[in-house]
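Welcome! Let us take a walk through this structure together, beginning with one chain and then turning to a few details of another.

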Amino acid sequence: MPREIALGDALVPGLLVLFVLSILLLWLLDGLAGRFGFYRPVWHPPLFRLAVFVCVFGAFALFLL
Amino acid sequence: MSAADLSTSAPSTRRAIADALREEASVWLFVVKTLTAFFLAGWIAMRFALPAPGTAMLTTIIVANRQSGMVLAKSFYRAIGTMAGATVAIGIVAAFPQERDPFLLALSLWIGVCAGGATLYRNFKSYAFVLGGYTAAIVAIPVIDNPPGVFDSAWARISEVLLGLLVSGLVNDIIFPSRMRDVLRRAAREQFAQFVGFVRDSTGGVMARDTMEKAHLRFVRAAVTLEDLRSSVIFEDSEARARSSHLRLFNTRFMAASTSFQSLHHLINRLKAAHRDRAADTLIQLYAPIGDALDAPIEAGAAARVLLPRLVQARETMRGSTTTLAATLDDPLDRRDFETGASLLARFVDELHAYVDAAASLQTPRVVMGSTERVRFDRGNDFVGAGLATFRATVTMLVLGAFWIGTAWPLGSSAMLLATVFAGLFATTPNPTRVTWHVMLGYITGMTMAFICEFFVLTRVDGYGLLIAGVAPFLAVGLVLMMTPRFASYGLGWAMGMAYILALKNTQVFDPAHFINDAIAQAAGLGAAAVAFIVIPPAVGSAWLRRRQLARLRSQVALAAEAPLPGLRHRFESINHDLFSQVVAQTEPGSADSRALIAWALAVHETGRALIELRHDMSLRALPTTLRPYLDDALHTLARFYEKPDPASYLLARDAVATAIASIGEHDDVHYLLNHLHLVRMALLDGESVLAAYMPDVPLAREIVNAS
């Protein structure tokens, strides 16, 4: 994983880019889950959401770069 | 004391204690959550070696709220505002790196524009504007001597604020979240039960004008509360977000139904007042099936579905009985008024049906995409008030900037920053002078506490754990005060002042002289903001603004008469409700102002709705060219009368409406327009309404009795 990514000549930490990407993905998943009622069987939706975020972020860091 | 007494009093005492404990528990839960977020954000910021961990910590205090949804909503808008402010700051510094005068002027203007923009929005959207303003100042002012540093300054600010938001969002969302979704659900259910119950109970017919006005006021409040709740809940719950537009639809339909209902009752009241009991009683008789249809347990959600077929049934019954009942009336005037009422009633039943339908599907587990129409909820804004806020913020900044330059005050930037922050933060509160004063007292106390904490406690401790132990007790007092209604602003000032002046960082600097100088500068900045509120008084709550809002409310009739028709009904309803609730919130209940306002709002509502329906029906079919000019003239004169009411234009409007009615009588096939015009005419001739002041001294006795 590159430590820094150059965005228009400004060096940005690679982790930050991944972080933002995973937040966007989480937002999408969250919206879908809300629309189709997937959160109904979940005991603690925010905790579940955080767990999903950790999975997404971890997977990005491990597999994507 | 007897045994019976004991057994009855003991549970109530126990309940009182339990209630008190529950209340206390929620306060302490808030304190614990806020402290957790505060120190967690600080710890992460220090691990990341951000230049000012204090900013991340302060952020957690600024967004702190008992409700998780509020924290998330405020965080969202704070993030947007911070981004915008940082961008502008870079632009301003890049434009004037060497020139301090245009630099301060540009900065002051930007802050002013943001303060003005904030008054145009409710909720936390206005907060985003405030943030945009003062973030620019926070980013740009410290680098005024070192322009190339602005990019780093902007980045530092953004990362610190976002980190603080992230941490407090997570903490509030996960540790014992207190959900506003339940409040929203309860509010929607209550609104439904109250309104439908009210409709059912008032089928008896006559209702005092007073009761009607009070009920209307309650319904308006309910609609606005629901809209405010909805705008915050969408941040905490993705299910609520998916259902958001449906909820808007529910609210819009509620507004439409409540207006028609109120028009109907005014009509019946007017007929009663003119001793036209036969027409009134026949109308009440026609209305009875609705009461029967609603005679079922009233509950929003799937349970409301049982009401739908019953309402359809009632509509059919009423449609059938309209002609038979009309036939029993032998006076043509009675029949005419009865038909007007019947068409109003038909409209009301349709709207009630739509409302119940929306309520019934509020909780369906799955929301199908695009199934509900998009609904806009317009607000009634006042641009002159916004201009005033812009002017105040700009002038405050310029005066402080000039003072800073003139005296070469080393800590002038501190004063300027604080003045910006507070002039913006409190510009939208109803009584900013008092609030700023309280916050200032709290702020000074907080800084004093910070002094004790920093120089007598923190100097003796080492490590983050002991830092928490040293700071938490001082901060907790302020947070508890924040939760008591009387000292809320005092507590906010306390917590903010303490977090801001402590400015915890990795290598803490202990410099009492600098601390005291900074504290004086910050207090001076706060004082400047308070003085600015006194010198240029806020528009909110002043008689001047109230007059303007009333004029705006009246001009709604012109909107109904002249604006483009598509979507006009929703636009009219929502602007009306917003204006009405704004002024209601700013007037004393029962005062002359408030009574005048309610009277006007009712007149505007009734006439406006009738005009919209009239124009809607006019657009359905091509009208004879001999008729159209009269109708247009009636619309036009009515609009002018409501924009600028006086006896002369009242007469013009009244005659124009009468002429239009007469000319409809001369044409065939256009009688469907008649009912709306009769409604407008009756509202115009109502001797009890607010329009009575513009009626000629010698009323045309026969006319009024006939039409009312």
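What percentage of the 65 residues in chain A do buried residues make up? The share is 9%. Keep in mind as we go that this is a predicted model.

Chain A is a good place to get your bearings. Two helices and two strands are found in this chain, and reading from the N terminus their order is β-β-α-α. Its radius of gyration is 14 Å, whereas the globule rule gives 11 Å for 65 residues, so chain A is more spread out than a compact globule. You can follow that in the C-alpha trace, which spans about 45 × 20 × 15 Å along its principal axes. As for contacts within chain A, take those between residues at least 6 apart in sequence: 53% of them join residues at least 24 apart.

How confident is the predictor about this chain? The mean pLDDT of chain A is 83, with 95% of the residues at 70 or more. Within the chain, helix α2 (residues 45–64) of chain A has the highest confidence, with a mean of 86, while strand β2 (residues 10–13) of chain A has the lowest, at 76. A word for any model of this kind: where pLDDT is low, the predicted coordinates should not be read in detail.

Now turn to chain B and look for helix α18(B). Is α18(B) largely enclosed or not? Of its 15 residues, 14 are buried, so the rest of the structure largely encloses this helix. The length of α18(B) also works out: at 1.5 Å a residue, its 15 residues should span 21 Å, and the C-alpha atoms at its ends are 21 Å apart, which agrees.

Right after α18(B) comes A503(B), with a positive phi near 40 degrees, even though this residue is not a glycine. A503(B) sits in the loop between α18 (488–502) and α19 (512–535) of chain B. A503(B) counts as partly exposed because it has 18 C-beta neighbours inside 10 Å, and a residue needs 20 or more to be called buried.

Chain B offers another residue of this kind to look at. A408(B) has a positive phi near 50 degrees, and it too is a residue other than glycine. You will find A408(B) in the loop between α14 (383–407) and α15 (412–425) of chain B. Is A408(B) buried or exposed? With 7 other C-beta atoms within 10 Å, A408(B) is exposed.

Definitions and conventions
Residues numbered from 1 in each chain as written. Chains lettered and ligands numbered in written order. Predicted model: local features only at pLDDT ≥ 70, side-chain atom pairs only at ≥ 80, totals over all residues. Helix = DSSP H or I, 4+ residues; strand = E, 2+ residues; numbered from the N terminus. Buried ≥ 20, exposed ≤ 12 C-beta atoms within 10 Å, placed from the backbone. pLDDT = per-residue confidence, 0-100. Expected span 1.5 Å × (residues − 1). Rg over C-alpha atoms; globule rule 2.2 N^0.38 Å. Contact = placed C-beta atoms within 7 Å.
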